[in-house]
Amino acid sequence: MADAPSKVRFIHTSDWQLGMTRAFFSDEAASRFSQARIDAITQLGQAAQEQDAQFIVVAGDVFESNHLSSQILLRTMDALVALPVPVFLLPGNHDPLDAASIFLTPALLAAPEHIVVLRDMQPVAVPGLSGVEVVGAPWRTKHPNADLCAEMAASLEPAAGVVRIAVGHGQVDKLSPDLSRPEIIAVADVEKALQAQKFHYLALGDRHSVYSVGDSGRIWYSGAPVATAFVEDQPNHALLVDLDGDADCTVEPIAIGAWEFVAEHRTLNNADDLEAFRQWLEALPNKQCHAVKVSFTGSINLALAAQLDELMEGQQARFASLRRRERLTDLAIVPDQLDEDSVVLTGYAKSAWDELLLQASSGDVVARDALLLFYRLAERGA
Amino acid sequence: MRLQTLTLENWRGVVHREIEFAAGVTVVEGPNEIGKSTIVEALQALFNDLDSSKTQRIKAIAPVGQDVGSSAELAFTVGDFALVYGKTYNKKPTTVLSVSGAQTLQLSGREAHEWVTEFLAAQVDMDLWRALLVDQGDTLGKANLQSSQGLAKALDEAAGHSGDESGTDGRVEDATLFAAVVAEYEQYFTLKTGKPKALLSDLEKRVAQSEETLAQAQKALQEITLDTQEQERCAAEVLRLQTLLPALQEHAQAQELAWSELSSLQEQQVTKQQELASGQKLLQALQQILEARAALVKDIESSKARVAHEQELGAPMQAKAQRLKQQMEASREVQGKLRTKLAQARSSANLAAADAQYYVNHKTLTELEKNLSQLQMLETQMSDHLKITKGTSINDSVVEQFRAAETALAVVEGRRDTAATTFALLAHKGLTATIDGQEVVLDLGERSDGVVAKEVVLDLLGTAKITLTPSTSVAEIQDALNHAQAQLAKLSSTYAVAGYGPAQQINAQRHQAQTELDKLSSQQQQLLGGASLVEIQHEVASLRSAAASYLEQRASDTELPSSGLEAQARLEQSQQVQASLEADLEQQRQLEEEQRAQYDEVDTAYRLVQQNLDGLSATLVEKQKRLAHDLEANSDEAAQSAMAAQRSVVAKLEASAAELAVAWQAANPDAVLELRDNARLVSSRATEDLAKSQRRLDVLNDRLQQAQADGRFDAAENADNSNKQLSRELQALQRRAEATKRLWMCLAEHRSRSRQAYVEPLKLAVEALGAIVFGAGFAVELDEDWTLVSRTLDGKTLPFAALSIGAREQLGILLRLAAGQVTADQGGVPLIIDDALGFSDPARLSTMGAAIAAAGRKSQVIILTCTPGRFTHVGSAKVVVLD
């Protein structure tokens, strides 16, 4: 090698998926969620500044779709323009560089120099920085018929005298082996290219959780900077990458977003269980940025069922979303002596109660709901 | 609640009254105007109206003409409470309350009113109070009992359904719970029809709308996806064609080259063919020249023969025409001679005709002259007769007038002669006397008679003068006589005739003359023959003159015939001669016509032949000239030689062309052309396809560019989220609604069943009282809301509405008494019956009295009546008589 590659520090992020919405959010929460994910761009800029990172690479899926409203595009542009370091944007499967691509809109075509869209597989220099190149494998269609990273690797000569960061997007065969999908990234091929020093780091996107691919320590998924779903491991992060050519590579996750998606399961059999659940809910921090879904199993009496309903209904307003996972809930509501003590019924009301109880005990859900309602009304009237 | 004492002051007509009520039955008797019904009015006012009330109802209780306040004070107990509650209305309104017993309290004004209202609501079943209050005119059969909590409670207990064994804490009032369930149910469904309310149906509509919106948004997004896919395919196709096209074009060019090489051979072949064609054409031209010359020679010979033939044809025609011309001239000569003779004959005939006419005229003249002479004679005769006819004016009429006048005179004279005085003068001697101046000479013995029709003077000259005067009547007759005479005299004078006789004679003469005249006139007219005499005279003069003139002017070479007959004979003869000559002349003219026609025909034919001949001759000359000129320019030998040379050239060209054709076939031109054409098509189709794909690509790119950042994804996402949210809401709402519906239906059903059970104790109480009134076979049916449905008596059931008014009233009271009985243990309320049982017979009143007495043992009953004795049979009653 002619020149020793210079040391470089940058931030690797991906899957901003700006413009994504979630059906379970109220309008208010949805607005905040949207804004939080645009604010994450600014937070990444601040992190870069704080950590002396020289640039940011976004490994695909900057946008949720190519067909967003101009509101999201323009707000995103405002945040991108304000970034203190260059940023490289890779079109991914959500926002491929097809004819209708959002990257072909005037706003992005005429973007300032420090916003670089990786439109082809040609290495590009980092503006204002010598000896560092970024090369991308952009998605040109939603359904590519080849491993774009392999294609990119094949087109590259070994990086001579420069540190070259490759940016790719998609699933890797180690995690999602699927022979029927030609776009799956073959890790072995990428590793070979690394060995051939065609690039020194491969920044991947698509997986919303931080993940190191293979054993090289140079292939990483950064995860989404703001959580987007219940199934993500360690979202709300970006990666701070230090690269000393082929000599050294350290990757450190840094926290960005504050939104949490929590899927909880609880067993309720008595008042203590309910109380424990109440305390668990209470202990959740930053509730307004929490989306919580809970499933229940167990068996409780009407009084507890009513309390549970009240708890769920009463706490809803504090969270971005709090809801019961009906599909996974199997909670038997069984009236017991306690119910009859708390509500004293006589005459025809008592006989109606007994009939509904009989119906509910044979698994009639409507009867159970009716009984619960009856209980509440009677309790209120007592 | 038990009423103890009611005190009224200045209440309508009541100045002051205090009524004490028994614990059981109290009968208040008194006529209406005394104020029996004011008891109910006062109780209602106390419990409901503020002392300050200004309603019409309150105003109406003021006594008439008095400016005082109206007061009512009620002493009553409720459980352990004893109350004295009084109010004054209209004037100086006041409210006072004194409570003792369980609580001691003194209140006044609004505070007192409010305390009592609250107290009653809490302690007394006011609904039952109102329900049991039987006012006049109220519907008896349906006391509004179902809203009474007390009755329900009592019945509930009576029915043994109470679950209230562990105290009242947490015990739910059924009605409150039921109302809450109904309210819940009514959030989702209408109570009557069970149809979903707007809350549900609106949400269902919104879900449907959101699905529609979602479908549209997804369709819009899908359009872009499809466009993008097509754009990708299109771009790939453009790329493919752009790569392929150069090779295709190169191949096409190679094929073009191969064909162009082959086409030079084709060009040579074409050139050779053209040369051959022109050589053959020249040869043909030379042949034609020789053929044309031979034809001309032949033509000249033929023309000569035709000229000779025409000449032969013309000669006899010319001769015949000449002959006919001569014949025509001879004929015209004969005609000239005949015309001369005809002129002479016509002249002779004219003379003969004139002569004949002369004789005719002559004869006419002779006759006319004779007639004229006769006419003159007739004229003379007629003038004699005319003198007679014209000489008198007497005619038949005049004669008649005379006859009449004379007859009249004779009649008057007759009358005079018979009526008038007469006188007779008898001369005794000869005497001369005058009678009326007329001398009369009488001889002796002679007598002169007279009539004294008028005054007659008889003058015996010298002797006496006697005046005779007729009597008056004689005088009148005389006047008539005078008149008749005057008439006759006037006629005689007028016609100058003496009287009827002469007139008749003259008239006869005039008639005779007229007859003659008519005869002569007829002869005259005959002779004149329609003309006048002057005209005849003129004609005679004219004929005479003409005859003289004819004779004078007539040519004298022929002698005038001696007579008319001879003249006629001569005329006929000369006319025959003329006719004969005219016939001859006509014959000659026809002959000439025929000859001329023949001549014209022959002459025309001849001229035609001559014309043909002229034309043929001229043509012949021209052809002969042309042949001569032709031969001079190009002799037959020279022409033959040139043709032979050309034949040789053509043969060479034919050989050369055949060689080229063989070479062409050997090069397989069809295949080369086929390959070239195909290469062209392939290349041009690829070019077209490329252009087409490029155009489509441009359209798609343009469209996709338009769709950039137009928010379709957001719209679809929002629609999807909205739809999901609404669907969740709907599902939850439907679930709640279903639960509510189940609860309501279950509860309502049990309630209905329960109420049916509660009816039982009330029914038993009614039947127990009814047995007293109607006997052992009495039963009633009550429906769920405690309304009387039917009555059964001795096995016969009648609907309540079908019962008599009396029976209905009795049952209504029994129902209230029973209700009062069953609620008595719960505190109860007084039952006030105002003026009832007016329709009941004495026997019934008796048993009703027993039933009321029985009810009064458990509850307070107050009966108001204006009929003393109606409630005599209520054994235990305290009777208060108002007066």
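These legends accompany several close-up views of a predicted model with chains A and B.

**View 1. Chain A at a glance.**
Let us start with chain A, whose secondary structure consists of 10 helices and 16 strands. Of its 382 residues, 47% count as buried. Contacts that link distant parts of the sequence are worth a look here: among those in chain A between residues at least 6 apart, 73% join residues at least 24 apart.

**View 2. Helices α1 and α2 of chain A pack with their axes within 9 Å.**
This view pairs helix α1 (residues 27–51) of chain A with α2(A), and the two axes cross at roughly 10°. Because of that angle, α1(A) counts as roughly parallel to α2(A). The crossing of the two helices, α1(A) and α2(A), is right-handed. On the α1(A) side, the contact is made by A:Ile38, A:Ile41 and A:Thr42. Facing them from α2(A) are A:Arg75, A:Thr76, A:Ala79 and A:Leu80. By class, the residues of this contact between α1(A) and α2(A) divide into four nonpolar, two polar and one charged.

**View 3. Helices α4 and α5 of chain A pack at an angle of about 25°.**
Here helix α4 (residues 148–155) of chain A meets helix α5 (residues 187–195) of chain A, with their axes 9 Å apart. Angles under 35 degrees count as roughly parallel, so α4(A) is roughly parallel to α5(A). The crossing in which α4(A) passes α5(A) is left-handed. Look for A:Cys149, A:Ala150 and A:Ala153 on α4(A), which make the contact with A:Asp189, A:Val190 and A:Ala193 on α5(A). The residues of this contact of α4(A) with α5(A) comprise five nonpolar, no polar and one charged.

**View 4. Chain A meets chain B.**
In this view, 40 residues from chain A and 48 residues from chain B take part in the contact. Which elements give two or more residues to the side of chain A that touches chain B? They are α2 (70–81), α9 (347–361) and α10 (365–381) of chain A. The largest share of this side of chain A comes from α10(A), with nine residues. Sorted by class, the side of chain A that touches chain B has 22 nonpolar, 13 polar and five charged residues. Readers coming from View 2 will recognise α2(A), the helix that packs with α1(A).

**View 5. Chain B at a glance.**
Turning to the partner chain, chain B has 18 helices and 19 strands. Of its 883 residues, 23% count as buried. Among contacts in chain B between residues at least 6 apart in sequence, 74% join residues at least 24 apart.

**View 6. Three strands of chain B form an open sheet.**
The strand order in this sheet of chain B is β14-β15-β16, and the pairing is antiparallel. β14 (778–782) and β16 (796–799) of chain B stand at the edges, each with a single partner strand, so each has one side without a neighbour in the sheet. From one strand to the next, the twist averages 20°.

**View 7. β14 of chain B pairs with β15 of chain B.**
For a last close-up, β14(B) is shown beside strand β15 (residues 788–793) of chain B, and these two pair in the antiparallel sense over five bridges. What stands opposite B:Phe778 in β15(B)? The residue to find there is B:Leu793.

Note on methods: Residues are numbered from 1 along each chain as its sequence is written. Chains are lettered from A and ligands numbered from 1 in the order in which they are written. This is a predicted model: local features need pLDDT of at least 70, side-chain atom pairs count only at pLDDT 80 or more; totals for chains, interfaces and linings use all residues. Axes are lines fitted to C-alpha atoms, for helices over the stretch in contact, and angles run from 0 to 180 degrees between N-to-C directions. Helices (H or I, at least four residues) and strands (E, at least two) are DSSP runs, numbered from the N terminus. Angles under 35 degrees count as roughly parallel, over 145 as roughly antiparallel, 65 to 115 as roughly perpendicular and the rest as oblique. A crossing is left-handed if the near helix is turned anticlockwise from the far one by less than a right angle, and right-handed if clockwise. Two residues are in contact if their C-beta atoms, placed from the backbone, lie within 7 Å. Ala, Val, Leu, Ile, Met, Phe, Trp, Tyr, Cys and Pro count as nonpolar, Asp, Glu, Lys and Arg as charged, and the others, Gly among them, as polar. A residue is buried if 20 or more other C-beta atoms lie within 10 Å of its own, exposed if 12 or fewer, and partly exposed in between; C-beta atoms are placed from the backbone. Two strands pair if DSSP finds at least two bridges between them.
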